[in-house]
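The following note concerns the side-chain contacts of the structure shown below. It is arranged as numbered points for a colleague's review.

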Amino acid sequence: MLLRKAQELTYSDVTAKSVYLDRRKFLRAMGIVGATAAAGRGLFEMALPSQTTIAATKLTGLAKSPLSTSEKQNSYQDVTHYNNFWEFGTDKSDPAKNAQNFKISPWTVSVEGEVAKPRKFTMDEIMKIAPLEERIYRHRCVEAWSIVVPWIGFSFSNLAKLVQPTPKAQFVAFESFFDPIQMPEAKYSGLDFPYVEGLRLDEAMNPLALLCVGMYGETLPNQDGAPVRMVLPWKYGFKSVKSIVKIRFVRSQPPTTWNMANPPAYGFYSNVNPTADNLRYTQAQERRLGEIFRRPTLMFNGYADQVASMYNGMDLKKNY
């Protein structure tokens, strides 16, 4: 058997932690874990079918970002078992149950539109665009709950510079992966898929806009948007599009899924604003997962120093 050094392995070579643990559990129940250790990989492959999901692979050499908050992080359990990912179900516990067999390898992200150098990126290429950083961000949901997560990635601007947006590019449109076979729960959501989102170009180029490939020192679990997503800490959570397959630089404001579904409640900008309530939820306060009492919501989720200048002169109740 040909053995490769760790630095020679690619993203697609890694077995999911969940698959590995499931195999261990199965074999332990059969009383043959020790035997498989001696027999090697072959018995594992016979015991359970091979998988193509990839999750929770250790990432090393991460830089600590000065953009991080010092607030207490939520637990891994919180962040991986309380999710909005409606392609896998509308209940907060559904994605963790229903996304386990989501196939994320091979994976490519097509970048096109008003750019000088359109191209498709594999995950291996994305992982090498820029040094990976750990950024501990506050994350706020329009449903008035919040979390603090150590995300891993790099500023989206690093990818944008590679494709060279032309002067005609004013917005960036994102599209999530969608497959009704892998995501049968999506038909009950009331939303049109694939999920689409968008940003103004200056928002996408802000250093806080994170192209995210991991969290908690590992690659992203399926239910949290594997293998690559956006994280926009000054905007409500639904703006941080998951499982991206297409990015288009465009001239005009692109359509976005929640705005098309309910325009009065979900505006294009969707900046965290305690003075502008959602039709169903007050935004003045929030509850951090794991806490009992509510806390005041901060304008721009506490990131005003970094982003407020982009909205000078705008009425953020009309441009919500």
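1. A salt bridge is taken here as a side-chain nitrogen of Lys or Arg within 4 Å of a carboxyl oxygen of Asp or Glu. The pair Glu197 and Lys239 satisfies this rule, with an N to O distance of 2.7 Å. Glu197 belongs to strand β7 (residues 196-200), whereas Lys239 sits in the loop between β10 (229-231) and β11 (244-250), so the salt bridge ties together parts that are 42 residues apart in sequence. Both partners, Glu197 and Lys239, are buried. It should be kept in mind that the model is predicted.

2. How many salt bridges does the rule give? The count comes to 16. Among the residues involved, Glu71, Arg138, Arg140, Glu286, Arg288, Glu291 and Arg295 are linked in a network of salt bridges.

3. The pair Arg200 and Asp202 also forms a salt bridge, in which the closest N and O atoms are 2.8 Å apart. Is Arg200 buried or exposed? Arg200 has a relative accessible area of 15% and is therefore buried, the limit for that class being under 20%. Asp202, at 33% relative accessibility, is classed as partly exposed.

4. A further salt bridge joins the side chains of Glu125 and Arg119, at 3.7 Å from N to O. Glu125 counts as partly exposed because its relative accessibility is 33%. Arg119 is likewise partly exposed, with a value of 34%.

5. The largest nonpolar core has 80 residues, and the members touching the most others are Phe156, Met230, Trp234 and Phe249. Strand β5 (residues 145-155) makes the greatest contribution to this core, namely six residues. As a general point, nonpolar side chains in soluble globular proteins tend to be buried together.

6. Which residues does Trp234 contact, leaving aside its neighbours within four places in sequence? The partners of Trp234 include the polar-named entries Asn206, Asn271 and Asn301, together with Glu203. Also in contact with Trp234 are Leu208, Ala209, Val272, Phe300, Tyr303, Val307, Met310 and Tyr311.

7. With respect to cysteine, a search of the whole structure finds zero disulfides. Cys141 has a relative accessibility of 8% and so counts as buried. Cys212 is buried too, with a relative accessible area of 0%.

Key: Residues numbered from 1 in each chain as written. Predicted model: local features only at pLDDT ≥ 70, side-chain atom pairs only at ≥ 80, totals over all residues. Heavy atoms only, no water. Disulfide = S-S within 2.5 Å. Buried < 20%, exposed > 50% of the residue type's maximum accessible area, 1.4 Å probe, protein only. Core = buried A, V, L, I, M, F, W, Y, C linked by side-chain atoms within 4.5 Å. Helix = DSSP H or I, 4+ residues; strand = E, 2+ residues; numbered from the N terminus. Contact = heavy atoms within 4.5 Å.
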